[in-house]
Amino acid sequence: MIVRLCLLVAFLGAKLPLVGTEEDSGPFLTPFPPPLPLNADAHLSPNCSQLTLKLDFSTQVVKHEYIVAFNGYFTAKARSDFISSALRDVDAVKWRIVRRDNPASDYPSDFEVVEIKQDTRNSLLTLQDHPYIKRVTPQRMVLRSLKFTDSGTDGASPCNDTRWVQKWQSWQSSRPLRRTSLSLSSGFWHATGRHSSRRLLRAIPRHVAQILQADVLWQMGHTGSGVKVAVFDTGLSEKHPHFKNVKERTNWTNEKTLDDGLGHGTFVAGVIASMRECQGFAPDSELHIFRVFTNNQVSYTSWFLDAFNYAILKKIDVLNLSIGGPDFMDHPFVDKVWELTANKVIMVSAIGNDGPLYGTLNNPADQMDVIGVGGIDFEDNIARFSSRGMTTWELPGGYGRVKPDIVTYGSGVRGSGLKEGCRSLSGTSVASPVVAGAVTLLASTVLNRELVNPASMKQALIASARRLPGVNMFEQGHGKLDLLRAYQILNSYKPQASLSPSYIDLTECPYMWPYCSQPIYYGGMPTIVNVTILNGMGVTGRIVEKPIWQPYLPQNGDYVDVAVSYSPVLWPWAGYLAVSISVAKKAASWEGIAQGHVMVTVASPAENDSAIGGEMTSTVKLPVKVKIVPTPPRSKRILWDQYHNLRYPPGYFPRDNLRMKNDPLDWNGDHIHTNFRDMYQHLRSMGYFVEVLGAPITCFDASQYGTLLMVDSEEEYFPEEITKLRRDIDNGLSLIVFSDWYNTSVMRKVKFYDENTRQWWMPDTGGANVPALNDLISVWGMAFSDGLYEGDFTLADHDMYYASGCSIARFPEDGIVIAQTLKDQGLEVLKQETAVVENVPVLGLYQTPSDGGGRIALYGDSNCIDDSHRQKDCFWLLDALLQYTSYSMTPPSLTHSKNRLVPPTGTDRPLPQRLEGNHLYRYSKVLEAHLGDPKPRPLPACPHLSWAKPQPLNETAPSNLWKHQKLLSVDMDKVVLPNVRAYRPQVRPLSPGESGAWDIPGGIMPGRYNQEVGQTIPMFAFLGAMVVLSFFVVQLTKAKSKPKRRKPRVKRPLYLQQQQQQQQTPHSGKNPTV
């Protein structure tokens, strides 16, 4: 029996497949042919192509051209009549409608491009006053700069043994960066803090579609058939061998060609729908190619608007947009994206390549109705280039939303070459078509296509995503794309509402960073969590009555106060739910965990309901878990002034470091959780509690805080703010100001000029608004100058770098001033001359004379604490200044410094004045237009939160909020994947710390190897042996337990008996004895 058992176990072990080994090739396995070089300068291995593309965008206003948006779709004649009637009474206006020759010209449109030679403000206002005209905005030209760079020896590259060299090929724009890069070189990866361990090394896969197990759906018969997918890029050649179902190619540019002259559009289309070699996700999908960029990398907003209108007309299902930029206030573009998604077009867009800096999300990927995609490498690390959240739309009064929505492979991904063959590219513009292809494939698997819409698809993707360990939500969104789980969710989906994020846990680190980085306490600024409501029931919806706050009494939920604000209308497919969390007064000295949840009911019109006014409703629960600590002492509390920080868009606010010519815009939000993240982390590690002021200075209780921190302020100040700050400092509040450069001559010098459009763009402030800061601190005899300085120096044994900072022009005579020797950068910018200036005052410390008064510290440069372009940090200096302002401890290294200088009186040169004719009032919260100089607006009322009336629950809260939150009405067990033996591509090494569980019924999916699956093989063999052993034991027990009985005698056949008798008879006459 033992021998038989061993043989059976060996037989079972031989029959069990080794997960990850290469089996018989499936129907989609094709070899890689030798690709052709992209150009003569590229030296490639004959076995593969590893082109890596760096792609930058910039935009500029076209002089005299305006986009006139109408309130509906009208014929060309009607549009012309509206404009004519609007401008009829304007004197001496020369205008004409710019002709647009493209496939959309034959259809009604909702906009027109008008050239107005005398583009006076009066003519524009007259246009906007017409009842059928919605908005008039400048026409924009988009320039793209491509650079093919060496991917080097990046481990994520699919051709590990290849070395190649290529010269840079570029098309330089005439203006620095505005639209940011969405495809760039690979090789730089952000460590996610995972542990290192031994792992089984395996070859890196070559087909991204098969890595994500699209072949499982292919063998089920799903290949994207019947789904229309649009690619907005550089076009596609007519006879490319990789594509079999190109339904239509359209050209929206001023070039007379449909072909791709650069290769980026071909690559993107290949990732989505290539049928051979480097296979795409949906080879049978219906491809619609929109050529919106010329070979010179030029496009216009009007081209995109016409192409978007045509996509709506053609009833496109999925649209990939691998471009983006920081301008979320480009109204015609943003409005048209909303209109697209409202027409059930699922838009997938790249989140941007401006990482690892936070606050660098690109539009339109940062919109709620768009699926924003970030990038990871094949080790499941967040790509260094992938942009990070949060969104900055909501600043300064609110808080940003979670973006990206999802991440997937975006480094070393293989796609179609320009004419044939394959090559590899990196960037979020590569990750975007990966998700677009997956979405196209998923849409083809759903029988009832009416259920597929932008909200339901995003719900399926984020609910099925695999969370990456050690990575926060502003880096990974909801996690890594999981195609098979998304298929299961989508095919058991019922229309409903859901939330993103689906829970609020201020104790869960690192995923819930920055919320988990600081506990809350009584008297602090409310913690704001901006939750996105996804409405899969319809394009429009509403919140029924008001959200309900239900604290869990056993978990101290009554110690938390909650206020909720929300979108009055959910359109298109989404809205916001802003949850403000504060601590009740009775918990001022308490420490512990408190829990509760917010109940939200969403209603949408029932499209197919025969009853008039019928609605579909969906109720969702938002669990809330917070850590409460006793209120910290005043000296430990710092208030960050967010209200007076301005950024692009809408105005041109230049960078603080003028050396950074390739990135001239200040667009990261200047928030402690975006480009000042490292400073915030440092202050938390030093034991300080940092809060954000998103309202005027008149709206906080200064007695609660030790220091008010103002960094890189561009906004003006209300007179009431100046008065209150003086009173607060007299009563003990301290102030630290980090300024930046401001020089009107330099501002005129750094304006943008485009040779093609002859358009000037003047900055609205310098790096900081120094004249406004001087108004704020002038009461103490302090002021900054308009000097502009740069240089390295040593202060208190620390190496420092002064990057485009200003100097202190005035300071009280009993204060402490530190000076340094620096270069005059202003002279260099204006006259291209170099000069060294000695004794430049850069740092000042002052104790106010009033009894119990606070202290003031000034420093002329903020770049040393700004993550954007920081070269040498000065966190030590910030620590020293906080010791001075919070504890009145003057740093000996500063008071006894050899660089100490007699405070300047400021009589030798005039103080900086505001730039004449600046347009800051257009973007300011403080100023308003006025005859002559702009004047301050009336002081706005302080924000008032309406705290929800609690409805306590005497029950226990769930312990795991993440796993507790699932999509409603989704039963994944009903959608069982077939246990097929598909082609198993060679797969990547298992990432350390990665969960190997797929949680998919129906057996282990092919094409995936991980440690847990590998460990199941001996387990299966052991279980099989136990089953066989149990079987034999049972049989043996049964045999022994039966009673013994005599076996019946078996009679011999008659012919055998006769034969035996015949043999015995001749020898004896006796019968044989029996």
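The largest nonpolar core, a set of buried Ala, Val, Leu, Ile, Met, Phe, Trp, Tyr and Cys residues joined through side-chain atoms within 4.5 Å, holds 81 residues, of which Met679, Phe738, Leu843 and Tyr859 touch the most other members. Buried here denotes under 20% relative accessible area, with exposed over 50% and partly exposed in between (1.4 Å probe, protein chains only). Helix α18 (residues 875-887) gives the most to this core, with 7 residues; helices (H or I, at least four residues) and strands (E, at least two) are DSSP runs numbered from the N terminus. A second, separate core of 62 residues includes Ile211, Val216, Val439 and Leu468. The model is predicted, so that local features need pLDDT of at least 70 and side-chain atom pairs count only at pLDDT 80 or more, while totals for chains, interfaces and linings use all residues. Residues are numbered from 1 along each chain as its sequence is written, and side-chain values use heavy atoms, with hydrogens and water left out.

An open sheet of 7 strands follows the order β8-β9-β7-β11-β12-β13-β14 with parallel pairing, where two strands pair if DSSP finds at least two bridges between them. Because β8 (246-251) and β14 (406-409) stand at the edges with a single partner strand each, one side of each is left without a neighbour in the sheet. From one strand to the next, the twist averages 25 degrees.

Helix α6 (residues 264-273) packs on the sheet, touching β7, β9 and β11 (318-321), contact being heavy atoms within 4.5 Å. The direction of α6 makes about 155 degrees with that of β7, with axes fitted to C-alpha atoms, for helices over the stretch in contact, and angles running from 0 to 180 degrees between N-to-C directions.
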